[in-house]
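Hi everyone, thanks for making time this morning. Let me put the sequence and the model up on the screen, and then we can walk through it together.

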Amino acid sequence: AAVVASALQGTVSGSSVANVVSTGSITIPLMKKTGYPPHFAGAVEATASTGGQIMPPVMGAAAFIMTEYIGCSYGTIALAACIPALLYFTGIFTNVHFEALKRGLLGLPKEQRPVAKQLIQDGWYMILPIIVIVVLLCTGSSAMKAAIWGIVACLLVWIINIVRAEKKFDAPKFGGMFIQGLAQSAISVAVTCGCAGIIVGVVTMTGLGLKMANGLVALAGGSLWLTMIFTMLCSIVLGMGVPTTANYIIQATISAPALVALGVPKLAAHMFVFYFGIVADITPPVALAAFAGSGIAGSNPMKTGFTATRLGIAAYIVPYMFVLNPILVLVNVDNLSTGLFILMAIKAIVTAFVGMVGLASGSTGFFKTNCKLWERILLIAGGLLLIDPGTITDLAGIGIIAAIYLLQRARAKTPAAT
């Protein structure tokens with residue numbers, strides 16, 4: 001529910017932290033109630049919400065700036081982002097799925113699930129904050145003003161809920177609950193972000209991020225793999241100190257041209273730096289989305305951040321996939337005929353999805369049953385082999401993952417495994 005809700009929320013919102021706060025207030029308590037540990041629940045929401053900036057049709061603000069750098073329409077960028085975004089959410093979804101199987105967690109029985117029609121009839125007024133924000137923005141108000149009145153509308157909805165439930169309104173009690181809510185969530189996030197600001201200051205005020213970007217790209221010395229790795233590091237470090245949009249502008253000026261000079265299509269190169277600028281939101285020590293999730297979950301911020309990094313492994317892998325295989329961003333580098341291009345795109349998509357499953361199962365330690373250490377290593381290796389677009393590596397990766405699946409399926413049928 002958290003992954004799907006955040007993916008849908010991401011289609012209309014390009015802010016990682018805003019997505020965490022909006023959907024996480026519902027999904028994180030639900031995950032904790034189901035049996036997930038608090039740090040895992042916060043990490044799932046943070047990782048899924050971070051994907052909102054790469055989820056068409058409305059992506060992060062940097063995607064709109066990308067149109068100027070590349071010289072193409074926003075529609076072209078949004079279309080190119082579809083497959084990588086689906087791969088990203090597939091990676092998170094399979095991680096959560098295998099974690100649930102590993103822990104033996106089950107969803108609510110059908111008879112305990114709410115009925116959508118009844119929910120709409122009972123809670124239609126809860127959409128009031130969204131209406132207020134949209135109307136204010138459309139009438140020319142600033143985003144800050146719209147957000148403040150949106151919060152007021154949320155408080156109004158809260159009061160209506162209390163009156164409907166208790167048939168009265170106790171103002172002193174409500175004030176105490178409001179202050180307690182701030183103490184439990186807002187203050188913890190503010191203190192954590194304040195500490196993160198020390199790192200932000202080091203990166204930005206000293207010019208460390210910009211100097212690292214220049215130095216690391218020059219250090220690669222013409223190697224595509226080294227350039228990609230160094231560019232990834234630059235983007236993540238810069239992402240700790242500057243917003244995604246500013247990060248993209250810097251990297252589009254320094255790193256993306258280096259990738260283009262090594263033969264990477266312009267769209268793929270710019271998407272590469274765009275992705276890793278976003279990944280900074282779930283990469284410790286400054287992982288703002290993870291910190292926001294930990295505030296709602298009541299978990300350790302750093303533990304939540306490292307768990308989010310593990311769950312979001314797809315975000316660190318997918319950019320390498322579409323640089324090595326630009327078909328994933330719908331770039332026809334070999335001038336193939338339309339029919340052949342579609343077939344090659346389907347092949348690339350299928351192998352990439354299989355690779356995501358292999359990486360997720362290896363990372364979680366569960367496939368058909370609990371994985372042994374060597375099985376986890378092979379599953380991760382199989383997933384990584386599927387990054388390379390070559391037919392031999394694809395067959396090897398699929399073969400490894402299929403062999404582990406069959407082996408575990410046979411083992412799962414034995415009484416000991418059961």
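**Pockets, cavities and helix contacts**

Let's begin with the second largest pocket: helix 1 (2-10), helix 2 (16-34) and helix 6 (82-103) each supply at least two residues of its lining. A word on terms: helices here are DSSP runs (H or I, at least four residues), numbered from the N terminus. On a 1 Å grid over the protein atoms alone, a pocket is an open set of points with protein on both sides within 12 Å along at least five of seven lines, a cavity is a set where a 1.4 Å probe fits but cannot get out, and lining residues have an atom within 4 Å of a point.

Before I go further, please keep in mind that this is a predicted model: local features need pLDDT of at least 70, side-chain atom pairs count only at pLDDT 80 or more, and totals for chains, interfaces and linings use all residues. Residues are numbered from 1 along each chain as its sequence is written, and side-chain values use heavy atoms, with hydrogens and water left out.

Back to that pocket. Its volume is about 710 Å³, where a volume is the space filled by probe spheres set on the grid points, which are joined across faces, edges and corners. The lining has 21 residues, and those closest to the centre are Ala-1, Leu-30, Thr-34, Tyr-36 and Gly-107. Sorted by class, the lining holds 15 nonpolar, 4 polar and 2 charged residues. For the classes, Ala, Val, Leu, Ile, Met, Phe, Trp, Tyr, Cys and Pro count as nonpolar, Asp, Glu, Lys and Arg as charged, and the others, Gly among them, as polar.

Now, how many cavities of 30 Å³ or more are there? The count is 2. The largest cavity has a volume of about 60 Å³. Helix 18 (residues 338-364) provides the largest share of its lining, 4 residues. Among the residues around this cavity are Met-321, Lys-347, Thr-351, Pro-389 and Asp-394. The lining is made up of 7 nonpolar, 2 polar and 3 charged residues.

The second largest cavity comes in at about 40 Å³. Here helix 14 (residues 266-279) gives the most to the lining, with 3 residues. The lining includes Thr-50, Tyr-88, Tyr-275 and Ala-315. By class, we get 6 nonpolar, 2 polar and no charged residues.

Helix 14 also takes us to the helix pairs. Its axis and that of helix 4 (residues 61-70) come within 11 Å and cross at roughly 150°. Axes are lines fitted to C-alpha atoms, for helices over the stretch in contact, and angles run from 0 to 180 degrees between N-to-C directions. That angle makes helix 4 roughly antiparallel to helix 14, a label used for angles over 145 degrees. The contact (heavy atoms within 4.5 Å) involves Met-66 and Tyr-69 of helix 4 and His-270 and Phe-274 of helix 14, among others. It counts 8 nonpolar residues, 1 polar and 1 charged.

Helix 18, which we met at the largest cavity, packs with helix 6 at an angle of about 35°, their axes 8 Å apart. On the helix 6 side, the residues that meet helix 18 include Leu-87, Gly-91 and Phe-98, while the helix 18 side includes Phe-353, Met-356 and Ser-361. This contact has 10 nonpolar, 7 polar and 2 charged residues.

One last pair: the axes of helix 19 (residues 373-385) and helix 20 (residues 391-412) come within 7 Å and cross at roughly 150°. That makes helix 19 roughly antiparallel to helix 20. Their contact contains 9 nonpolar, 5 polar and 3 charged residues. Among the residues that meet are Trp-374 and Gly-382 in helix 19, and Asp-394 and Ile-404 in helix 20. Asp-394, you may recall, also lines the largest cavity.

Definitions and conventions: Angles under 35 degrees count as roughly parallel, over 145 as roughly antiparallel, 65 to 115 as roughly perpendicular and the rest as oblique.
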